[in-house]
Amino acid sequence: MRCAVGCGHLQRGADLGYGVDSVRGNAEHPTNRGLACQRGVSETADPDARFLTRPLVRRDDELVPTTWDVALGEVAERMREARAETPDAVGVLGSGQQTNEAAYALGKAARGVLGTRYYDANTTLCMASAVKAYYDAFGSDAPPCSYEDIPKAESHVVWGANPAVAHPVLFRWVTDSAAEGTLVVVDPVETESAAQADVHVQPDPGGDLPLARAVLAHVVETGRVDDEFVREHTRRFDDLRDSLPAVADAADAAGVTVADVEVLAETLDAKTLLYWGMGVNQSTRGTATAGALVDLCLATGNLGEGSGPFSLTGQANSMGTRVCSSKGGWPGMRDFGDAAARADVAETWGVPEERLPADAGPGPVGIMDAIGDPVEVLWTVATNPVAGLPDAERATEKLDDVFLVVQDAFHSETVEYADVVLPAATWGESEGTTTNMERAVSRVRAVTDTPSGVRTDVDLIAAVANSVERGVIDRHPEPEALFEEMAALTEGTPADLSGLSYERLDEQGAVRWPAPDAETSVDYRYRDGDGWAFETTDGKAWFSLGGASEGGLPEPTTEEYPLTLTTGREADGYNTGVRSRGGETAVPTVRVNPADASDGDSVYVETRRGSAAAVVSTDSAVPEGVAWLSIHHPATNRLTLPEVDPRSEEPNYKQCAARVVPRVEEASEATVSAAEEAGD
């Protein structure tokens, strides 16, 4: 699986040497039944990237090859020295690219061996706002629905996501179902998904929250509320209703017409799946907006077979990282403040309970802010913060003030700043499991050996942990043993994996949690016979109340910066592009409306944080006043905002003020100086 759809692949190892020879969709896998997108196939069989094949250490400001003993010895020495001052002197950044077993082991190392609160994963950069919204509404993370509901839905609303590009296999299921129903796409840009929709609603960038509240206000005004469901199975609706704005005012704030609001309200009259993605989550108002979308489902009774809120996850194992890595909660999504959970985890790991940090920590942006005080050592695993964090230039400068350990399979931008590099195995070379966006756990198998200079994530995590303190993690842990330990820790929790085993997954292909016994796999969550039993304190779903108090956008346009910069995915691109652009350093393409620039112009895209050279591609799909850049290019996040949602710690990637200015490559330094003196 190469994204969170979780498609099963059949892989064939190379006959000679190392590597994966061929990849195709697995017709027997219950998730995709043989379907596969080109990105998933090509990135596994032939990733367009530079592999890391030997450990490296920095000498005289250059990375040079070394032995494993030297590399791990330097990591151990620096971590032990830092930890002796305070456990929080070591920061750890994990990834949704790890298996469940590796994510669990990394959390055990970070929380149980190091004892640091400065630990998180790049999944917070894309899914944390949806996570908070699910907890607020249902008392537990993850969508209540599953892929089984897609063909049963009568309407599909895709909000702030472009699954035609990001999740093409899933989008095929959506369009197949919508052929007999309705597909509405909500996005400022006419994306590939919007081009296939029956209706495209175009709010202004950042206008999602007022639009969602306008739709709910219209639902209330026009008598579309499912009164019985709301009365019997929810709470706080009256408070929410009293806080709703006037429909016309909210529509105007969103940049849409009242007719657009009416279309969305009418769509929700049918059995509807409401999907959303990074366009909603990656905002200082992300939690409130995701909560408002859940509110729409609750108010209209869109919960149950063929309906419900369905966040679309990007990375292959974002869900598994949330369930088992101890980054935002203990395994099984147990709260950090739960005394019984802390005691259970400490006993299972064999560590003093007081070593476990008291809270989940400040998120990836906060970890970077803490470099220098207290973080002195930073360990990154399968993530690329130099390209992936917002305001990336500032984040990169922080890396000069820390001892940086990079564990990765490929030579990313972050490798260039490392003090020690630990080469890791990738897909096709590792054993374990992953969890897709609909909660289905699947097996991952190795089909090739690895070169002598490469080790698996699990093996490397164990080596680092044991170099700091022996015995908490086995020196050479078996993935299956880690899975069994992790699954046992989730017993009785909302994300119960205790009924899963490698044997069961081998037999069934994929099993959705909660799976509390060897037979159960839950398709639709929270059902209690014909009724509902949510994981909240009173067993009811709670409406959100945050939308009314949310402030405005963190960086509106001005006369000096008249464009709104937004970011999105390209077809066959992947995350920061390390696997899909082959180290390409050519300037990115900035898409703008023909009214805002001329096609082919060489320009700088500038924000208050930095500037990136680009070439203009005029595109009427992009509205006037908007500039669009790919998330896969390393220059993009030099421009984006570091402000985060106050509840989820997720950054505001999707909206900031920008301008486009001409770029004259041929100008000499003297010419530029003379022009500046002349005021030109």
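Let me start with the sheet, in which three strands form an open arrangement in the order β16-β17-β18, with antiparallel pairing. At its edges stand β16 and β18, the latter covering residues 510-512, and each has a single partner strand, so one side of each is left without a neighbour in the sheet. If we ignore direction, neighbouring strands here are turned by 30° against each other on average. I should say at once that this is a predicted model, and everything I describe this morning is to be taken in that light.

Going through the pairings one at a time, β16, which is residues 432-435, and β17, which is residues 440-444, are joined in the antiparallel sense over four bridges. In that register, glycine 432 is found opposite valine 444 of β17. On the other flank, β17 and β18 also run antiparallel, and three bridges join them; there, serine 442 has alanine 510 of β18 opposite.

As a reminder, side chains in a regular strand alternate between the two faces of the sheet. In β16 we can follow this residue by residue, since Gly432 and Thr434 point one way while Thr433 and Thr435 point the other way, and all of them are buried. Between β16 and β17 the hairpin has four residues, and in this hairpin arginine 439 adopts a positive phi near 80°.

What lies across β16 and β17? That is helix α3, which runs at about 90° to β16. Helix α3 spans residues 100-114, and besides the strands we should consider its relation to helix α20, residues 457-468: the two axes come within 9 Å and cross at roughly 10°. Because of that angle, α3 is roughly parallel to α20, the cut-off for that description being under 35 degrees. From α3, the residues that take part are Glu101, Ala102, Ala105, Leu106, Ala109, Val113 and Leu114, and they meet Asp457, Val458, Ile461, Ala465 and Val468 of α20. By character, the residues of this contact divide into 10 nonpolar, no polar and two charged.

A second pair of helices makes a useful companion to the first. Helix α4, residues 124-138, and helix α14, residues 286-299, have axes that come within 8 Å and cross at roughly 45°, and α4 and α14 are therefore oblique to each other. As for its hand, the crossing of α4 and α14 is right-handed. On the α4 side, the contact is made by Ser129, Ala130, Lys132, Ala133, Asp136, Ala137 and Phe138, which meet Gly286, Thr287, Ala290, Gly291, Val294 and Leu298 on the α14 side. Here the division is into seven nonpolar, four polar and two charged residues.

Let me turn now to the backbone. In general, most residues other than glycine have a negative phi, and most peptide bonds are trans, and with that in mind I would like to point out several places in the loops.

Where are the cis peptide bonds that I want to show? One joins aspartate 373 and proline 374, with omega at about 10°, and proline 374 belongs to the loop between α17 (363-369) and β13 (377-381). Another joins tryptophan 513 and proline 514, with omega at about 0°. Proline 514 lies in the loop between β18 and β19, the latter being residues 527-528, which brings us back to an edge strand of the sheet I began with.

There are also positive phi values in residues other than glycine. For methionine 333, phi is near 65°, and this residue is placed in the loop between α15 (318-324) and α16 (339-349). Is methionine 333 buried or exposed? Its relative accessibility is 8%, so it counts as buried, given that the limit for that term is under 20%. For aspartate 391, phi is near 45°; aspartate 391 sits in the loop between α18 (385-388) and α19 (392-399), and with a relative accessible area of 10% aspartate 391 is buried as well.

I will finish with glutamine 196, in the loop between α7 (192-195) and β9 (199-201). Glutamine 196 has a relative accessible area of 48% and is partly exposed. Leaving aside residues up to four places away in sequence, glutamine 196 touches Ala164, Phe171, Thr175 and Leu183.

Technical notes
Residues are numbered from 1 along each chain as its sequence is written. This is a predicted model: local features need pLDDT of at least 70, side-chain atom pairs count only at pLDDT 80 or more; totals for chains, interfaces and linings use all residues. Side-chain values use heavy atoms; hydrogens and water are left out. Axes are lines fitted to C-alpha atoms, for helices over the stretch in contact, and angles run from 0 to 180 degrees between N-to-C directions. Helices (H or I, at least four residues) and strands (E, at least two) are DSSP runs, numbered from the N terminus. Angles under 35 degrees count as roughly parallel, over 145 as roughly antiparallel, 65 to 115 as roughly perpendicular and the rest as oblique. Contact means heavy atoms within 4.5 Å. Ala, Val, Leu, Ile, Met, Phe, Trp, Tyr, Cys and Pro count as nonpolar, Asp, Glu, Lys and Arg as charged, and the others, Gly among them, as polar. A crossing is left-handed if the near helix is turned anticlockwise from the far one by less than a right angle, and right-handed if clockwise. Buried means under 20% relative accessible area, exposed over 50%, partly exposed in between (1.4 Å probe, protein chains only). Two strands pair if DSSP finds at least two bridges between them.
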